[in-house]
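Student: I'd like a close look at one part of this model, the stretch you think is best worth following through its surroundings. Take me through it in one go, please.

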Amino acid sequence: METIAPVSENEEDAATAPAPVSATELRNAMGYFLTGVTIVTARGIDQPYGLTVNSFNSVSLDPPLVLWSLDLGHDRADLFRNAGGFTVNVMGADSACDELIRKFSKSDADRFSGANWHSGVSGQPVLTDAIASLECRLWAEYPGGDHVIFIGEVLNISTRDGRPAAYFKGQLSAFSS
Ligand SMILES: Cc1cc2nc3c(=O)[nH]c(=O)nc-3n(C[C@H](O)[C@H](O)[C@H](O)COP(=O)(O)O)c2cc1C
């Protein structure tokens, strides 16, 4: 796995730079950027783990690479490192997916109870209700401030018909095609 150091700004640039953007300002601005919604899952030591994620994106077609970023405050980076991979489950706009999206973002929820899932080709959990699942081997990780950026090499893909869930200005909705 590769890692890379962040680019540091020089002193002259820092002196003329505008006031730093706050976390709230950035979060609000990102709210204007419509995304899909995924649940990223990985096998844990005793039980599977997963969380709702919208930082997912594609990186490369050859090799087939995707990325997402994990908040270091969750204290789960080692779980994904030890799992050696993850599945990105792209969630639909139906009620089953909606329930899973909410459950997998709540800290106190028993996330996998009542969820339909199976172990994929790489041994990582795959959510059966997802409209697409990309099973990945952990290919690299990069520092990203208070997040870590995980890059996965896609080993297997499954899809089913369905409209995708959408996330915009802090609200879940459906994307009508
Ligand atoms: C729509 C949506 C998108 C999210 N995207 C991310 C993300 O990209 N990365 C991340 O670390 N947390 C993301 N979260 C927050 C996590 O889902 C949530 O904090 C996490 O489930 C907490 O897990 P823990 O209780 O195991 O720490 C998102 C939440 C929602 C509702």
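Tutor: Let's start with burial: a residue is buried if 20 or more other C-beta atoms lie within 10 Å of its own, exposed if 12 or fewer, and partly exposed in between, with C-beta atoms placed from the backbone. A nonpolar core is then a set of buried Ala, Val, Leu, Ile, Met, Phe, Trp, Tyr and Cys residues joined through C-beta atoms within 7 Å. This is a predicted model, so local features need pLDDT of at least 70 and side-chain atom pairs count only at pLDDT 80 or more, while totals for chains, interfaces and linings use all residues. Numbering runs from 1 along each chain as its sequence is written.

The largest core has 35 residues, and those touching the most other members are I39, F86, V88, M91, L100 and I101. Its largest share, four residues, comes from β5. F86 and V88, though, point us to β6, residues 85-90; strands here are DSSP E runs of at least two residues, numbered from the N terminus.

Six of the six residues of β6 are buried, so the rest of the structure largely encloses this strand. In a regular strand the side chains alternate between the two faces of the sheet. Here G85, T87 and N89 sit on one side, F86, V88 and V90 on the other, and both faces are covered.

Now its partners (two strands pair if DSSP finds at least two bridges between them). β6 runs antiparallel to β9 (residues 132-144), joined by six bridges, and V88 has L134 as its bridge partner there. With β2 (residues 38-42) β6 also pairs in the antiparallel sense, over four bridges, and N89 in β6 stands opposite I39.

I39 deserves a detour. Two residues are in contact if their C-beta atoms, placed from the backbone, lie within 7 Å. Leaving aside neighbours within four places in sequence, I39 is in contact with G50, L51, T52, V53, N89, M91, L100, I101, F104 and L127.

Zooming out, β6 belongs to an open, antiparallel sheet of seven strands ordered β3-β2-β6-β9-β10-β5-β4. β3 and β4 (57-60) are the edge strands, each pairing on one side only. From one strand to the next the twist averages 35 degrees (axes are lines fitted to C-alpha atoms, and angles run from 0 to 180 degrees between N-to-C directions).
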